[in-house]
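Trainee: Could you take me through one part of this model up close, and then show me what lies around it? I'm new to it, so please spell out the terms as you go.

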Amino acid sequence: MSMVLIPEKDNTGNDPTQRPELILGQPDFAQLTESVCRVSEAPSPPRVWYVALSISLAFTIILHVMIAYLLWEGTGVWGIQIPVAWGWAIANFVFWVGIGHAGTLISAILFLFRQKWRTSINRFAEAMTIFAVICAAIYPGIHIGRVWFAYWLFPIPNYLNLWPQFRSPLLWDVFAVSTYMIVSLLFWYVGMVPDLATFRDRAQTRVRQVVYGILALGWRGSSRQWHRYECAYLLLAGLATPLVLSVHSIVSFDFAVSLIPGWHTTIFPPYFVAGAIFSGFAMVVTLAIPARYLFDLKHIITLRHLENMNKIILVTGMMVGYAYGIEFFIAWYSGNPTEAFVFFNRALGPYAWAYWTMISCNVLIPQFFWFKKCRTSIWFMFIVCIFVNIGMWFERFVIVVTSLSRDFLPSSWGYFRPTLIDVMTFAGTFGLFFTLFLLFCRFLPIVAMAEVKSILPKAGLDSGPHHGHGQYWGEIPYQHDEAAKEGGAGV
Amino acid sequence: MPSIDQTENGRNYWRSLQELALTPEFLAELGPEFAAGTDLPPAGTSRRRFLQVMAASVGLAGLTGCRWPKEKIFPYANRPDNRTPGTPVQFATSMDLDGVARGLLATSYDGRPIKIDGNNLHPDSLGATDPSAEASVLELYDPDRSRFPMEAAGGQTFNRTWDEFSTFARSHLAEIRGLQGSGLAFLVESSSSPSWAGLKQKALAAFPQAKWCEYEPVNSDNARQGIHLALGQACRPHFTFSEARVIVALDADLFSGHPAAIRHAREFVASHDPDAPEMSRLYSIESVYSLTGAMADHRFPTPASHVLPVLCRLALELARQGLNSPLLTQAVLDALKPWSETKIETPYLEALAKDILASPARCVICAGDRQPPLAHALAALLNSALGNSGTLVKYTPEADPSHPGSIASITALVEEMNAGRVQTLVLVGGNPLYNAPADLAFGEALKKVSTSIQLSLFVNETTSACKWHVPMAHYLESWGDGQALDGTLCARQPLIHPLYEGKSPIEFLSLLVEDQPRSGYDIVRGTVLPLLPGNDKELAWREFLNNGVLSGTATDPVQATPQAEAVVSSLKSAQPPSTPLSAQNLELIFCRHPSVHDGRFANNGWLQELPEFMTKLTWDNAALVAPATAAELGIAHGEVAALKYQGGELSAPVYIMPGQAPASVALFLGYGRTAAGRVGNGVGFDSYTLRTSSAPDFGSGLTLEGTGARHIFACTQDHHAIDTIGASGRAERVGALIREADLSEYREHKDFASHRVHSPHAVPLWQPYEYNDNRWGMAIDLQKCIGCNACVVSCQAENNIPVVGKEQVFRQREMHWLRLDRYFHGEPDSPEIAHQPVACVHCENAPCEQVCPAGATVHDHDGLNVMVYNRCIGTRYCSNNCPYKVRRFNFFHYHVHYTEMEKMVFNPEVTVRSRGVMEKCTYCTQRIQHAKIVAKNERRPITDGEIRTACQTACPTEAIVFGDLNDPESRVAQLHQNSRSYRMLEELNVGPRTAHLARVRNPNPELVEKIVHEHGSHS
């Protein structure tokens, strides 16, 4: 397999008379397939991959050790206390769930909005969603005092006729996050089937043939299969779209439904969703930049893709900034002294350092993206996105911890200090996340080949009327190009 | 994070503790600070030994429980009368502390004492208790208690049996008897027991040359000498406050530590009733903020050495304003003159004198035990001059008029020991090696004694220097008697067979001095039977044991008039303080610790973890320094300071205490133990190293220098150490949480409390519950709460609340279900204190219930907000959503390290919670159930007052009332209707079941003007 070396090219122009190239180097279908598949089919991945995987695995092991220690000793190994009974665990949970949102947004909402550029990034953004939700789901499970009874959170019929308490937002969380997890997983997997079939067909070893053969679910690329596939994909996109909004709204209910000043705020659902998308896109950019270098996908995940995401980061960052401002305004405007105190305390109290870290990272730093130079500089956007990731973690920390640390009775105010276990557990989830991501990069189609092909100039979409995803002119095995064209056009 | 060294206007005092703690040095210090034993698996009783003890205690349960001890073991073939297994039984008993018997009721559950309450027949208990008595039941089961007689020989210690000891002791003493007892000395703790006094007489008769020394580090020597000076005879004063209108406390903590503290508090709150036609007024002139100071309507922070000059000035002012009394002769006034020239800040004396003279006979002046004898004498003189002697102040003769006082007594003994005139020393209780005045070097003197025998509950600091050690029986294991402060005879009866082969002091003394050693039972009967009235002595004896006291045995007060001449001559010979106190010449004050007392309770986890009311410190003592003095010295809160005083040196962490008198540094005694046991070892620092026999109470000449090192305090509340924004937020809302008014405002607006906060009309989200049966509720009267912490320990004992240790308290994981919130307001140099007990208020519309995903906290049909521990999975969401933050979480398995012996203290009616479970106040649901069952069996409704929660039973002032809100006649329902009643955080629409009753202060109108004029308005 020969390497296709395509020089990086600026395709970020905004000249409306010229349709920008989304995939550079004008590859044909075969070349595209080749460039995606070789990531997985190369006899050995780049050396960096091994280095990254071993570091990630080490942190994953740390995560397991931390969890084992936590289960052995009790939740007291964390810094939580009374009044701050939720600490890093819940902040991390919200952080990871938020990260996941970008994937679903890209694959579902941008799909429905016919944003063609999404095809280059949607596959690994969705993978990121799955892995982030896995990391998130760990926390609610282990943060409870009696982990061995975590299953009581599910409405399992039992002889005592005991049910969960349906007024509790934590229970809504259980439903919201598990639904989200299931739909995201289905969406990801269904979207991957044609590409898995490609992998299967190109497989050189018996193991790959069997494994991808099973995973491809017998995909043959017939018109009927494409038809069903497109329907299913559309339906799942429709299902996933409200979830993008609902999951983080419900996560925000954990706070908004309580009566703690700083939590009890009606702005939380939209504010959380905007924040989630903000942090999710920042994470996609953070992952995309090394991935496109590492696996030589610069012509598929182009500068234009990155710039588009940076624009979204700028917009959602402004939304988040607006929410921060409105919170302060309402705190003052409501005339509620405890509410006002909580916000002044955030900005000026013992946690001011965390608050201003959050403001700088989330509101100030993304403002650089007003400048095209900043939006299109790889290194610069990477740094900004790292800051956004940090800032969004601090946002969750600020919300969870500062509100609890000083609520109604000054006698019970406290100051939360994390322990080493808190820090290492969080670091461990990053290890898990990157381990899963690195394995994904190596063993699954990192780019949605079938979808990308549909937007190649060669697919001829630019020349005629077309609508959306259903039109595939890809390299479909066992089928003549013309037949595929007709089959796809029927949708 | 700002570092501690940065100071704003020199007021580093306002910094938050947490900020300090973030510095790495601090966290590094945390490790070794952690009290040993709270996290380590203790070396407990072996299984075999435990089974033996359990077998013995179960077997003896019938005997110990009943009042007719037959010292044999019988199987439980026939159930003794009046005993049902599983039904708790209460026995009246008493505990000796500082030589006064405290009347108690001990609850025994199948032969195990598990709870201590007050005996309502006892004159100074009135049914209530204090923390030390409450916690004494934990001491009983302390696995560190001494278990065997021990003999030190050739640098080694050997375990012996009692037989071996008694063979040795009796032969040894037989030799001494031949020498008329020369070379023999007894060093004993104060005791009020008539049996003990009888045995003492026998001992002194058998050994006429023997020395008898009585030593208590915390004592009332000063009062004793002062009253002796004034009256010419050894008497103890008794104050009555119910009829008082003006009470002046001179460095006197009337409500804590005093043997009659409970009665004082009960009487004071009765007189301090805003609804009475006349409300009493309490003035406190003191250096260390005490409970009395917190209750005072006016408190003047005054260094301890300036209290006597203030009293002299007050006497002169009273005379100037026309107090006519034959006692205030010209000679007295002349003698007082030099004192009035001392330069002291007493701007309020005129108003105080005027207030006193408005009704002189209803004013009482009380001097504290820390004050010199002269202050007591002068106070006695003034009391007589005011005409209250015999009404508000009474004097009864001391039981042992020959006792020279603790300090004099031990000084004399050490002299004898140093002179080699003591060959055999018998120590009964006490711990002189730890707590004798430092200048006496008791340890050195003890080395000169060839044979020393110690009877002690614990192997303590003194044990290692003694030749023989024998274990003492706990008061709950032994027969005894005692006298209340007023002389009333009290009973002490065992509830359990001695767990560790101990003998009570009377049995021990009997073994040493009597030809035929008698059992404790025989000794006590021998003493008490002749004192019992009537012919049927057996019946009277049973009645005595049943009641715990013998009524009518109080000592009659003496009619004594103070002699002015004696006071004059002492005044003339005494010197007013000449060199003024300053930051370079500080005053040092030694204080009894309200929890661990003189250090004897240092191994008691409940008391170590009990937040001291003023500082909220647990597991620690500190050098209390006034904010202004600290600023002048440049010392920060929590900084370790080097104290130099009378040649001694000590390093102690500084706690900047608002309201502490300027240039006056207070040290709590009782910490820094090295041989207390696994709980008390290495906690805090030892203040006794600076305490000398010449100035055991206070003295000047202290210098204090910051070392820059930091110390971590584990406080349960960090009030004054806080950032600016926090302080302003707190100041804004405390007035709404703890509602207070002055009497004048209260008289105009009876319902001021309900108007302090504007509560918008709120509509419940859920349909309200209906209660057709009972609707339990509580009312806490802040007017009455003195902040004594008795309720906190009582709750801990009743509800099996674990002790978590210093490190966990520092991490804000203390488990107390009930806490006392304490806030300062006003100037930091002279603030007032507002405080309130807070436990779960059992919200009608409970926010915790709505967020629990497992349904582990629910409403029951009586409206209790109950925790279902078995259902709790520990999401802690309920705690987050609790606006009162009264929920406590088991972050670890806090009970797992309890030894089998310690587990015997558990109340079997209350679940012991495992790790990962939330808990909180249940309104003592087990007591409610018990009362319900009893009432149902008797086919009657529950009567008002039948159910008393643990906090309620302990409360000295009956500030806590529990009952049925559905019964309009119940006390609690009426208190809920009281005009002072309010519900904390009512505006959240959670509907708390516990109402607080607002506090009304009665400041002197003239002084209010003065204060407003000088300091601006008090916010």
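Mentor: Let's start at Gln180(B), which sits in the loop between helix H5 (162-178) and strand S6 (184-188) of chain B. Helices (H or I, at least four residues) and strands (E, at least two) are DSSP runs, numbered from the N terminus. Keep in mind that this is a predicted model: local features need pLDDT of at least 70, side-chain atom pairs count only at pLDDT 80 or more, and totals for chains, interfaces and linings use all residues. As for the labels, residues are numbered from 1 along each chain as its sequence is written, while chains are lettered from A and ligands numbered from 1 in the order in which they are written.

What catches the eye at Gln180(B) is its phi, near 65 degrees, a positive value in a residue other than glycine. Gln180(B) has 13 C-beta neighbours inside 10 Å, so it counts as partly exposed. Here's the scale: a residue is buried if 20 or more other C-beta atoms lie within 10 Å of its own, exposed if 12 or fewer, and partly exposed in between, with C-beta atoms placed from the backbone.

Chain B has another residue of this kind to look at, His842(B), with phi near 50 degrees, again positive without being a glycine. His842(B) belongs to the loop between strand S31 (832-838) and helix H27 (847-851) of chain B. With 25 C-beta neighbours inside 10 Å, His842(B) counts as buried.

One more loop in chain B: Arg145(B) lies between helix H4 (131-140) and strand S4 (150-153). Arg145(B) is buried, because 23 other C-beta atoms lie within 10 Å. Once you set aside its neighbours within four places in sequence, Arg145(B) is in contact with Leu457(B), Phe458(B), Pro471(B) and Tyr500(B); contact means that the C-beta atoms of two residues, placed from the backbone, lie within 7 Å. Ser456(B) is 311 residues away from Arg145(B) in sequence, yet their C-alpha atoms are 8.9 Å apart.

Now over to the partner. Where chains A and B touch, the contact takes 45 residues from chain A and 48 from chain B. On the chain A side, helix H5 (169-202) and H10 each supply at least two residues, and H10(A) gives the largest share, five residues. That side of chain A divides into 26 nonpolar, 13 polar and six charged residues. By these classes, Ala, Val, Leu, Ile, Met, Phe, Trp, Tyr, Cys and Pro are nonpolar, Asp, Glu, Lys and Arg are charged, and the others, Gly among them, are polar.

H10(A) also has a helix partner within its own chain. The axes of H9 (303-333) and H10 (337-348) of chain A come within 8 Å and cross at roughly 145 degrees. Axes are lines fitted to C-alpha atoms, for helices over the stretch in contact, and angles run from 0 to 180 degrees between N-to-C directions. The crossing of H9(A) and H10(A) is left-handed: the near helix is turned anticlockwise from the far one by less than a right angle, whereas clockwise would make a crossing right-handed. Glu327(A), Phe328(A), Ala331(A) and Trp332(A) of H9(A) meet Glu339(A), Ala340(A) and Phe343(A) of H10(A), which makes five nonpolar, no polar and two charged residues.

Then there's H4 (122-143) and H8 (268-294) of chain A, with axes that come within 10 Å and cross at roughly 125 degrees. H4(A) and H8(A) are therefore oblique to each other; under 35 degrees counts as roughly parallel, over 145 as roughly antiparallel, 65 to 115 as roughly perpendicular, and the rest as oblique. Their crossing is right-handed. Phe124(A), Ala125(A) and Met128(A) of H4(A) touch Met283(A), Val284(A), Leu287(A) and Ala291(A) of H8(A), and the residues of this contact are seven nonpolar, no polar and no charged.

Zooming out, chain A has 16 helices and zero strands. Of its 491 residues, 52% count as buried. One buried example is Val174(A), with 20 other C-beta atoms within 10 Å, and Val174(A) is placed in helix H5 of chain A. As a last detail, a cis peptide bond joins Ile82(A) and Pro83(A), with omega about 20 degrees. Pro83(A) is in the loop between helix H2 (47-73) and helix H3 (88-112) of chain A.
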